[in-house]
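Visitor: I would like to learn how to read a model like this one. Could you walk me through a few features?

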Amino acid sequence: MTQATPLWEVFIRPRNGLSHKHVGSIHAADEVMAVQAARDVYTRRGEGTSIWVVRSADIVASDPDQAGENFEPTADKIYRHPTFYEIPEDVGHM
Amino acid sequence: MAVFEAILELADDHLVLGHRISEWCGHAPMLEEDLAMPNMALDLIGTARTLYDRAAMLEGKGRSEDDMAYLRGEREYRNCLLVERPNEDFAHTMLRSLYFAAFMRPFWLATLEMTTDETVRGVAGKAEKEMAYHIRHAGEWVIRLGDGTEESARRMRDAVAALHIYTGELFESSPAATEAEAEGVLPVRADMRAAWEDVIGQVFAEALLEAPEVPYPQTGGRKGLHGEGLGHLLAEMQSVYRAHPGATW
């Protein structure tokens with residue numbers, strides 16, 4: 001089954017102006033069937049206006065073993081968060 | 001003959017095919033299709049519900065949508081024979097959907113152009129898009145099975161041999177349908193042939209399939225003359241309602 005129908009990652013854009021978000025994966029024989037399967041599995045309740053599918057095998061992921069060196073150095077750099085500014089009232093809601 | 005009977009014929013086509021496709025729920029070969037098939041079944045059953053409601057209203061005898069679906073026997077069902085054919089395998093199921101949707105898509109598009117019945121127009125606007133998707137979904141499967149492995153190609157050819165003889169009935173208008181056509185409610189069924197053959201021709205060319213000559217098309221559904229399978233289908237579909245008449249949930 002998995003050789004004939006490899007795994008695909010599915011990305012759905014809920015509305016115009018928003019970006020595609022990963023929602024899950026499906027099995028399908030090729031890209032045409034993958035878009036159909038994604039439509040049938042993940043947009044049954046009006047979730048989307050656009051679908052992307054990508055072969056799971058084509059995704060390059062970060063190495064979980066490098067999570068420490070990748071992500072922990074940001075933990076003590078709170079000055080990167082935009083929380084040190086007073087927003088003038090005239091600017092309103094941001 | 002009355003216009004409501006023509007709408008009833010259409011409703012029966014959709015309910016019976018919808019029920020047939022729903023039989024795959026929980027049995028499809030992969031999860032993706034196990035969701036896709038009920039999706040398509042629900043499209044068809046949704047169309048049937050609105051059409052039953054409209055037919056009952058036009059009849060004016062106080063029957064409800066449920067009465068139409070659950071309290072008529074097989075001789076009173078007016079669906080074409082194609083839609084009641086058993087699922088058999090994926091090849092039969094997908095081909096049956098392709099044949100049906102390739103007829104209904106141009107039928108609904110033509111309906112949008114001409115019908116004087118606002119409810120029917122509403123159904124046509126929604127169903128036209130659903131049928132476009134059914135053509136795509138079933139068509140892509142027919143192509144892949146037809147031009148697939150030795151076994152899938154054989155099954156696809158068997159399905160064509162078994163089902164093609166039922167397609168002629170799609171283009172026939174019963175006396176009731178003829179009246180609905182004359183009154184400007186529904187388009188002339190025979191006019192859909194070019195569009196239907198165009199879709200089937202394109203899919204078959206890619207699927208390496210040939211449409212056989214059909215010297216003796218199978219018809220009779222519009223007169224209530226059905227195959228053995230419809231009785232079983234209705235017995236299952238109607239059993240709960242008949243055991244608990246008037247039940248709601």
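**Reading a buried residue, a helix and a contact**

Guide: Gladly! Let us start with one residue: M156(B) lies in helix α7 of chain B, which covers residues 150–163. Keep in mind that the model is predicted.

Visitor: Is M156(B) buried or exposed?

Guide: The idea is to count C-beta atoms around a residue, with 20 or more within 10 Å making it buried. M156(B) has 28 other C-beta atoms within 10 Å, so it is buried.

Visitor: Which residues is M156(B) in contact with, leaving aside neighbours within four places in sequence?

Guide: Here we look for partners brought together by the fold. For M156(B) they are A91(B), V142(B), L145(B), G146(B), A207(B) and L209(B). You can also check a C-alpha separation: M156(B) and R144(B) are 12 residues apart along the chain, and their C-alpha atoms are 9.7 Å apart.

Visitor: How do I read a whole helix, say α1 of chain B?

Guide: Compare its span with the expected one. Helix α1 of chain B, residues 3–22, has 20 residues and spans 29 Å from first to last C-alpha, close to the expected 28 Å. Burial adds to the picture: 18 of the 20 residues of α1(B) are buried, so the rest of the structure largely encloses this helix.

Visitor: How many residues does each chain bring to the contact between chains A and B?

Guide: Chain B gives 8 residues and chain A gives 12. On the chain B side, α2 (31–59) and α6 (118–146) each supply at least two residues. The largest share there, 4 residues, belongs to α2(B). By class, that side of chain B holds 3 nonpolar, 2 polar and 3 charged residues.

Definitions and conventions. Residues numbered from 1 in each chain as written. Chains lettered and ligands numbered in written order. Predicted model: local features only at pLDDT ≥ 70, side-chain atom pairs only at ≥ 80, totals over all residues. Expected span 1.5 Å × (residues − 1). Buried ≥ 20, exposed ≤ 12 C-beta atoms within 10 Å, placed from the backbone. Contact = placed C-beta atoms within 7 Å. Nonpolar A, V, L, I, M, F, W, Y, C, P; charged D, E, K, R; others polar.
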